[in-house]
Structure formats: structure tokens, C-alpha cells
Amino acid sequence: MNFLTIGHRGVMGVEPENTLRSFVAAQEAGLDVIELDLHLSKDGALVVMHDAEVDRTTDGTGPIADKTLAELRALDAGRGERVPVFEEALDAVRTPVQAEIKDVAAARALASVMHERDLVGRVEVSSFHDEAIAEIARLVPGVRTALIASRYDKDVVDRAVAVGAATVCLNIRRLTLEVVEHARASRLRIIGWVVNTQDHLRLVRALELDGATTDFPEIKRTARFTA
């Protein structure tokens with residue numbers, strides 16, 4: 001299997017995260033997959049943003065869930081970019097997408113779009129939350145799913161298997177050979193995050209992971225030469 005490079009919120013190390021500008025830059029850099037995050041607006045739109053609040057990444061304040069799509073559209077998401085909805089991100093690039101959801105409600109909204117657009121082949125759904133993974137799997141038969149974990153031990157593998165995830169996306173700063181071997185024994189794909197340096201890249205290649213999530217497009221160019 002080829003080593004996958006996944007653009008974290010596009011290429012957030014060089015462009016405003018989770019914007020169309022960032023996604024296009026990730027595609028132009030040749031990254032294999034674009035990772036993005038989804039939240040529901042007050043009026044039910046699938047908004048592309050990482051945090052539950054708009055404060056860090058826009059010139060606005062307050063929770064996404066308290067704002068309509070029109071109100072979110074009025075915000076500057078960096079360099080004049082507007083907050084996109086999921087459908088716009090899909091239209092802006094051709095690259096496969098890994099969509100992170102935060103809860104069951106987002107899973108249900110995403111399932112509707114996946115059915116409308118026949119996205120099972122293009123979109124992998126990820127989450128830190130087991131119940132969100134289980135819900136999207138129930139609603140979209142055949143969907144590829146990934147369980148994300150930051151603080152974890154070997155039980156993350158058992159959790160992934162329990163909800164039918166084919167992949168675990170793991171914080172490389174806590175990754176051990178024991179966890180990797182347990183995941184391999186369970187036939188899971190392993191993605192490391194966030195891989196932003198040559199040392200990080202050498203680690204994930206030494207552990208023979210299946211891919212790396214990165215903030216920077218340079219990782220795509222150097223990954224081929226790092227063993």
C-alpha cells in the first residue's frame with residue numbers, strides 16, 4: 001500500500017485552516033487526502049471549522065451552534081476567506097476527503113449529504129467519538145471510518161474494532177510499537193498525526209505506518225525518500 005499524506009485542515013501550516021484556499025493549496029501540493037472538520041450551524045448547515053467556537057479562526061466570537069450560516073458567512077476566516085460549508089469544499093477540489101465529525105447530530109447531517117452525492121468512495125469519516133462513528137456506519141452502509149485518539153493505550157484498537165472502523169488516527173507523540181502491533185494484529189490501518197518535521201516523518205516510516213497527517217505540503221515531497 002502506498003504511504004498516504006493527509007493535509008491537516010488543508011495545509012494549515014501555510015494557509016488559513018479549513019478554508020477553500022487551504023484545500024486548493026493541499027490539492028496543488030499533491031497531498032493524497034484532505035482532512036477537514038465539520039460542525040452544525042444554528043440552521044443545520046455542515047460548516048467546515050475545527051473549534052466549536054469561531055473565536056480562534058475568525059474575526060467573530062461565540063459558538064458555531066448559536067449562529068446561522070448567514071452570520072457565519074459574514075466572518076473573515078483568514079486572508080479574506082469565508083467559512084465554507086462541506087458541499088463547497090467537495091466542489092472546490094477533486095482530492096479524497098477525510099471528514100471529522102464531533103457528534104451524532106453531525107453524523108446524521110453528513111449521512112444525508114453522502115447519500116445525495118454518492119460519496120462513499122470519496123469520503124472517509126473520522127471522529128474522536130465512538131458513538132459518532134457507530135452512527136455514520138449505521139446510516140451509510142459501506143462508509144470507511146477512522147477512530148482518532150490523542151491520549152490512548154492499546155484499548156484504542158479494541159474501540160476501533162468495536163465500532164467497525166478500518167483505521168486509527170493516532171497522536172505520534174504517544175505512539176508505541178505495542179500499539180502498532182496490536183493494530184496490525186486487528187488488521188487496522190494506522191495514520192500518525194501531526195507529522196511536521198523530518199524526525200516525525202522518520203518515526204512514522206520506521207513504524208511502517210500507512211500514512212501521516214501534516215500541516216505542511218513539504219512532507220509530501222520528502223515522504224517518498226524517507227525510510
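R108 and E135 join their side chains in a salt bridge, with N and O 2.9 Å apart. This contact links distant parts of the chain, since R108 belongs to helix α4 (residues 104–117) and E135 to helix α5, 27 residues apart. Please keep in mind that the model is predicted. A search of the whole structure finds 19 salt bridges, and a few of them are introduced here along with the aromatic contacts.

**Around helix α5**
- E135 is buried, because its relative accessible area of 10% is under 20%, whereas its partner R108 is partly exposed at 49%.
- E135 also forms a salt bridge with R138, at 2.8 Å from N to O.
- These two residues, E135 and R138, sit 3 residues apart in helix α5, so about one helical turn separates them.
- R138 counts as exposed, with 57% relative accessibility.
- D130 in helix α5 pairs with R159 in a salt bridge whose closest N and O atoms are 2.7 Å apart.
- That pair too links distant parts of the chain, with R159 in helix α6 (residues 155–162), 29 residues from D130.
- R159 is partly exposed, at 25% relative accessibility.

**A salt-bridge network**
- Shared partners connect R9, E17, D37, D51, R56, E100 and K102 into one network of salt bridges.

**Aromatic rings**
- The whole structure holds 1 aromatic pair.
- F128 and W193 form an edge-to-face pair, because their planes stand at 80 degrees, with ring centres 6.4 Å apart.
- F128 lies in the loop between β5 (123–127) and α5 (130–139), while W193 is in strand β8 (residues 189–193), 65 residues away.
- W193 is buried at 18% relative accessibility, and F128 is partly exposed at 32%.
- R205 lies over the face of F3, 4.3 Å from the ring centre.

Notes
Residues are numbered from 1 along each chain as its sequence is written. This is a predicted model: local features need pLDDT of at least 70, side-chain atom pairs count only at pLDDT 80 or more; totals for chains, interfaces and linings use all residues. Side-chain values use heavy atoms; hydrogens and water are left out. Rings of Phe, Tyr and Trp (its six-membered ring) pair if their centres lie within 6.5 Å; planes under 30 degrees apart count as stacked, over 60 as edge-to-face and the rest as tilted. Helices (H or I, at least four residues) and strands (E, at least two) are DSSP runs, numbered from the N terminus. Buried means under 20% relative accessible area, exposed over 50%, partly exposed in between (1.4 Å probe, protein chains only). A charge sits over a ring if NZ of Lys or CZ of Arg is within 6 Å of the ring centre and within 35 degrees of the ring normal. A salt bridge is a side-chain nitrogen of Lys or Arg within 4 Å of a carboxyl oxygen of Asp or Glu.
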